[in-house]
Amino acid sequence: SDHQLEYPKSPNEMNWTKLYPGFVDPNDPTKLLSKVTIADIGCGYGGLLVDLAPHFPHDLILGMEIRVQVTNYVEDRIIALRSKDPNGKKYQNIGVLRGNAMKFTPNFFEKGQLTKIFFCFPDPHFKQRKHKARIVTKTLLSEYAYVLKEGGIIYTITDVLDLHEWMVKHLQEHPLFARLDAEWENEDLCVSIMRNATEEGKKVERNKGDKYIACFKRLPNPEII
Ligand code: SAM
């Protein structure tokens, strides 16, 4: 449960060097040359991280996953992929962290640090009384808005229509997000990757299920008059 999870008191106190050894600052081995800019929340077995990696070689991509064994699997998967590259360069930009994304997101990321946040096939929590456990809620959206930079994107995909409508409703009601249209979705590289990269997405594909997508842009903070 949560109290066994470790959280840094602030993003500065987080040691990222173990996650991204290829990006360690040669002048200061306790620091990285860049910061995480892309987050995959509830990354599961890591398919999205692996498929995004070659397209964003200069971005650090982080998967956050609450299940210990799944996180360990993704860790091993990344290590194996890295070791297959004779030049030691590939897949250095992806990492996974065990954590509860519903808690302390701002402890890991600074204000405006992220450019993209993915929610791929989040747990639906069908029952009404479980809805508060959903990963997209009004309160959590304000946290995601805080760590996302202006113009940054929230990507969502699910096969559960009810959850899709829930996420769209909450994002639309939030003053800091605006939905992107179907034309934008069709042209965006990450949308096409997200459709098929994840293990859950592949399962839905095999079962010929529906995939509902919604993407939202982080709006500028309103001026305080
Ligand atoms: N995104 C992956 C995919 O599309 O294959 C996994 C989808 S799976 C249905 C949902 C994942 O979210 C599970 O691996 C679960 O452990 C993880 N998860 C659920 N709640 C979480 C939370 N609060 N923080 C981090 N991960 C969470």
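This passage describes the strands, the ligand shell and several individual residues of a predicted model.

Residue numbers start from 1 in each chain and follow the sequence as written. Because the model is predicted, local features require a pLDDT of at least 70 and side-chain atom pairs a pLDDT of 80 or more, while totals for chains, interfaces and linings draw on all residues. Helices (H or I, at least four residues) and strands (E, at least two) are DSSP runs, numbered from the N terminus.

A good place to begin is strand 4 (60-65), where six of its six residues are buried. Here a residue counts as buried if 20 or more other C-beta atoms lie within 10 Å of its own, as exposed if there are 12 or fewer, and as partly exposed in between, with C-beta atoms placed from the backbone. The cover extends to both faces of strand 4: Leu60, Leu62 and Met64 are buried on one side, and Ile61, Gly63 and Glu65 on the other. Strand 4 pairs with strand 3 (residues 36-41) in the parallel sense over five bridges, where pairing requires that DSSP finds at least two bridges between two strands. In this pairing, isoleucine 38 stands opposite isoleucine 61 of strand 4. Between the two strands the chain passes through helix 1, and this β-α-β crossover from strand 3 to strand 4 is right-handed; that is, with the strands pointing away from the viewer, the path from the first strand over the helix to the second runs clockwise. Strand 4 is also joined to strand 5 (residues 94-98) by five bridges, and these two strands run parallel. Glycine 63 has valine 96 in strand 5 as its bridge partner. The chain travels from strand 4 to strand 5 by way of helix 2 (residues 68-84), in a β-α-β crossover that is right-handed.

Strand 7 (residues 148-158) is largely enclosed by the rest of the structure, because eight of its eleven residues are buried. Strand 6 runs parallel to strand 7, and six bridges join them. Within this pair, phenylalanine 119 stands opposite threonine 156 of strand 7. The route from strand 6 to strand 7 leads through helix 4, again as a right-handed β-α-β crossover. Strand 7 also pairs with strand 9 (residues 212-218), this time antiparallel and over six bridges. There, threonine 158 faces tyrosine 212 of strand 9.

Turning to the ligand, 21 residues surround it, and Gly42, Gly44, Ala101, Thr198 and Glu200 are the closest; a residue is near a molecule or strand if its C-beta atom, placed from the backbone, lies within 6 Å of it. Strand 4 and helix 8 (199-206) each provide at least two residues of this shell, and helix 8 contributes the most, with three. Sorted by class, the shell holds ten nonpolar, six polar and five charged residues. For this sorting, Ala, Val, Leu, Ile, Met, Phe, Trp, Tyr, Cys and Pro count as nonpolar, Asp, Glu, Lys and Arg as charged, and the others, Gly among them, as polar. The unreviewed UniProt entry gives the feature "binding site" for Gly42, Glu65, Ile66, Asn100, Ala101, Cys120, Thr198, Glu199 and Glu200. UniProt positions follow the numbering used here, feature names are shortened, and annotations may be inferred rather than shown by experiment.

Threonine 198 lies in the loop between helix 7 (189-197) and helix 8 and is buried, because it has 26 C-beta neighbours inside 10 Å. Leaving out residues up to four places away in sequence, threonine 198 touches Gly44, Gly47, Leu48, Cys120 and Phe121, where contact means that the C-beta atoms, placed from the backbone, lie within 7 Å. Glutamate 200, in helix 8, is also buried, with 20 other C-beta atoms within 10 Å. Beyond its neighbours within four places in sequence, glutamate 200 contacts Gly44, Cys120 and Phe121.

Phenylalanine 121 sits in the loop between strand 6 and helix 4. Although not a glycine, phenylalanine 121 has a positive phi of about 45°, and it is buried, with 22 other C-beta atoms within 10 Å. Aspartate 123 lies in the loop between strand 6 (114-120) and helix 4 (138-147). The unreviewed UniProt entry annotates Asp123 as "active site". Aspartate 123 counts as partly exposed because it has 15 C-beta neighbours inside 10 Å.

Key: Contact = placed C-beta atoms within 7 Å.
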